[in-house]
Every structure is written in C-alpha cells, then in structure tokens.
Amino acid sequence: MRSMTAFGRATGVAGNREITIELRSVNNRFLDLNVRLPRAWAAQEESVKATIGKMGVSRGKVDVSVTYTDVRASESGATVLEPDLDCARRYVESAALLARELGVENDLTVSRLMAMTGVMMPVREDTEESDDELRAVLEPILTEACTAFLAAREREGARLGADVLAKLGGIRGMVATIAARSEDNVRAYRARFEERLRNILSDNSIALDEQRILTECAVYADRVAIDEELVRLASHMDALEALFRSEEPVGRRIDFMLQETNREINTIGSKCSDAAIARVVADVKSEFEKIREQIQNIE
C-alpha cells in the first residue's frame with residue numbers, strides 16, 4: 001500500500017550538463033501529471049509521462065520538474081561565454097571607419113569590445129541531440145527519481161496502514177461489546193414483548209394461542225436481532241485488513257469497502273434501542289470516519 005503524498009529526486013551528468021529531476025505529489029482522485037521541462041526539451045513530455053506510468057504511479061496529482069545547469073558554469077561560478085566573431089568584426093570595422101572619416105584616434109580595445117552588446121554570448125551546445133538521444137539521457141535519471149518517489153510513497157503508506165490496522169483492532173473490540181450486549185437485549189426484548197402481548201390478550205378477553213404468541217415473539221426478536229449485520233461487518237473488516245496489507249493500489253477499493261461497513265453499522269444502530277449500544281455505535285462510526293479521512297491519501 002502506498003500513500004499519494006511523496007517526493008523523489010535524482011541528479012545525473014550528461015556531457016556538460018547536470019540534469020535534475022524532481023517528483024512531488026499530493027492526493028487526487030485520478031492520475032494528474034504536470035511535467036515542466038526546459039523549452040527546448042518540450043517534445044519529451046509524453047515520454048516522461050509514459051516512463052512514470054510504467055513505473056507504477058497510478059493516482060495522485062504529480063508535479064514533475066526537469067532542469068539542467070552547465071557544469072562548466074557551475075565550476076567557474078560564472079556563465080560560460082564565447083565570442084560572436086561576426087558581431088565583433090562589425091564593431092571593429094565600424095570603429096575603424098569612424099576613426100578614418102573623422103580623423104580621430106581609434107582607441108577601441110579588446111576589453112571594450114568584449115563589453116559591447118552581442119559580442120560575448122553564452123556557450124551553445126556543440127551538437128543538438130535527437131529526440132531519441134535526449135530520451136536516452138533523461139530516462140535513467142527519471143527512473144532513479146521515480147524509484148525514490150515510490151519508496152517515499154511506500155514508507156508513508158506503511159505508516160498509514162499501521163495506524164489504520166490499529167484502529168480496526170479497536171473497532172473489533174467495540175463490535176464484540178455490541179454483540180455481547182445485543183444477545184442479552186434480544187432475550188430481554190422478547191420476554192417483555194411476550195409479557196405485553198399476553199397482558200393485551202388477557203385484558204381484551206381474547207383466548208391465548210400459545211403457538212401464535214411464540215410466532216409473534218420470534219418475528220419481533222428477529223426484527224431487533226443484529227446477527228446478520230455483525231457477520232457482514234466482520235467480513236468487511238477482514239477484507240479491509242487484507243487490502244491494507246496489499247502492495248497494489250487499493251485506495252478506491254478501500255473507499256468502497258468503508259461504504260459497506262458504514263451501511264452495516266448504521267443498520268445496527270437503527271435496530272438497537274439500547275443506550276449503551278448506541279454510544280458504542282457512535283464510537284465505531286467516529287473511528288470509521290477517521291479511517292475514511294486517512295484513506296483519501298492512499299493510492
């Protein structure tokens with residue numbers, strides 16, 4: 001089981017570039033991938049998304065950031081520049097023309113020339129990579145970042161799973177209390193119902209039909225019994241525990257199963273008029289609601 005909240009990062013060097021890829025995510029009903037790439041690498045967006053999908057990321061709002069820096073610039077602490085000779089040559093020719101036509105000294109120096117706009121430009125890549133070559137550079141770094149990202153999801157998911165399993169253990173104890181008290185209540189309800197029924201028949205001078213009385217008591221007892229609901233609730237909780245121990249994406253299935261457990265506990269609450277059981281039912285519903293809030297962050 002994995003959480004949908006995580007962060008992963010990886011860095012690699014390719015040629016003169018240090019490439020960094022970061023993935024961060026929050027919960028979302030579906031998979032929402034937002035990829036930010038350098039403008040020149042925009043064509044790699046679908047490839048990045050495909051790689052992330054193959055790694056097994058299936059839900060969450062995932063932001064992917066791909067950046068690079070020039071290693072040579074990082075080592076020197078400054079941007080690596082190269083001269084634009086055509087631009088410099090035009091400055092030199094223009095300075096010579098001005099000096100000759102105006103009869104003044106040509107005092108243009110290399111230092112001044114380098115400071116002129118357009119003479120010194122950032123170093124360009126020696127070659128432009130094809131899409132396949134760039135994909136081959138990015139994929140191992142992206143795979144490493146995804147691996148770290150998924151490991152973070154699994155660690156957070158394990159913590160969530162342990163907490164929820166502990167809550168389910170507490171709920172089982174509360175359900176056992178409900179079951180024990182319910183058996184006593186059904187017997188008491190049946191005895192009271194039978195007594196009232198006999199009194200009503202006697203007060204109205206109606207002949208007692210023992211078989212009919214027993215039948216009516218049995219129908220009433222069945223109406224207030226919660227055995228079936230308790231069995232289904234236990235089955236749903238078994239299924240929940242199995243899902244929380246699963247290594248597959250199970251968030252949607254857990255959400256559905258919680259709806260089923262909520263339906264059973266509501267039915268139990270509606271059938272039981274005992275105040276003590278009602279309080280325990282309220283506590284169970286509160287715990288299930290806490291679990292529901294937590295599983296919104298499960299993949």
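Valine 35 sits opposite valine 64, a residue of strand β4. This is a predicted model, and that pair belongs to a story about β3 and β4, which run parallel and are joined by 6 bridges. Beyond the sheet, there are 17 salt bridges to look at, plus 1 cavity of 30 Å³ or more.

**The sheet**

- Four strands make up an open sheet with mixed pairing, and the order across it is β1-β2-β4-β3.
- Which strands stand at the edges? They are β1 (6-14) and β3 (31-36); each has a single partner strand, so one side of each has no neighbour in the sheet.
- On average, neighbouring strands here are turned by 15 degrees against each other, ignoring direction.
- For β3, the link to strand β4 (residues 60-70) is parallel and counts 6 bridges.
- As background, strands in a sheet pair through backbone hydrogen bonds, and they do so either parallel or antiparallel.

**Helix α1 on the sheet**

- Helix α1 lies across β2 (17-26), β3 and β4, and its direction is at about 135 degrees to β3.
- The helix covers residues 45-54, and both glutamate 45 and lysine 49 are in it.
- Those two side chains meet in a salt bridge, with N to O at 3.3 Å.
- They are 4 residues apart, which is about one turn of the helix.
- Glutamate 45 is partly exposed, at a relative accessible area of 29%, and lysine 49 also counts as partly exposed, at 24%.

**Helix α5 and its salt bridge**

- Over in α5 (residues 131-203), aspartate 132 and arginine 135 are 3 residues apart, again about one turn of the helix.
- Their closest N and O atoms are 2.6 Å apart, and the two residues form a salt bridge.
- Is aspartate 132 buried or exposed? At 54% relative accessibility it counts as exposed, because the cut-off for that class is over 50%.
- Its partner arginine 135 comes in at 29%, so it counts as partly exposed.

**Helix α8 and a salt-bridge network**

- Arginine 263 and glutamate 260 also form a side-chain salt bridge, at 2.6 Å from N to O.
- Both are in helix α8 (residues 251-271), and being 3 residues apart they are separated by about one helical turn.
- Arginine 263 is partly exposed at 45% relative accessibility.
- Glutamate 260, at 18%, counts as buried, because buried means under 20%.
- Elsewhere, salt bridges with shared partners tie Glu228, Glu229, Arg232 and Glu264 into one network.

**The cavity**

- How many cavities of 30 Å³ or more does a search of the whole structure find? The search turns up 1.
- The largest cavity has a volume of about 40 Å³.
- Its lining is made of Gln44, Ser47, Val48, Thr51, Arg135, Leu138, Glu139 and Leu142.
- Two elements, α1 and α5, give two or more residues to that lining.
- Helix α5 gives the most, with 4 residues.
- Arg135 is worth a second look: it appears in the cavity lining and also takes part in the salt bridge with aspartate 132.

Terms used. Residues numbered from 1 in each chain as written. Predicted model: local features only at pLDDT ≥ 70, side-chain atom pairs only at ≥ 80, totals over all residues. Heavy atoms only, no water. Salt bridge = Lys/Arg side-chain N within 4 Å of Asp/Glu carboxyl O. Buried < 20%, exposed > 50% of the residue type's maximum accessible area, 1.4 Å probe, protein only. Pairing = 2+ DSSP bridges. Axes fitted to C-alpha atoms, helices over the stretch in contact; angles between N-to-C directions. Contact = heavy atoms within 4.5 Å. 1 Å grid on protein atoms, 1.4 Å probe; cavity = no way out; pocket = protein on both sides within 12 Å on 5 of 7 lines; lining within 4 Å. Points joined across faces, edges and corners; volume = space filled by probe spheres on them.
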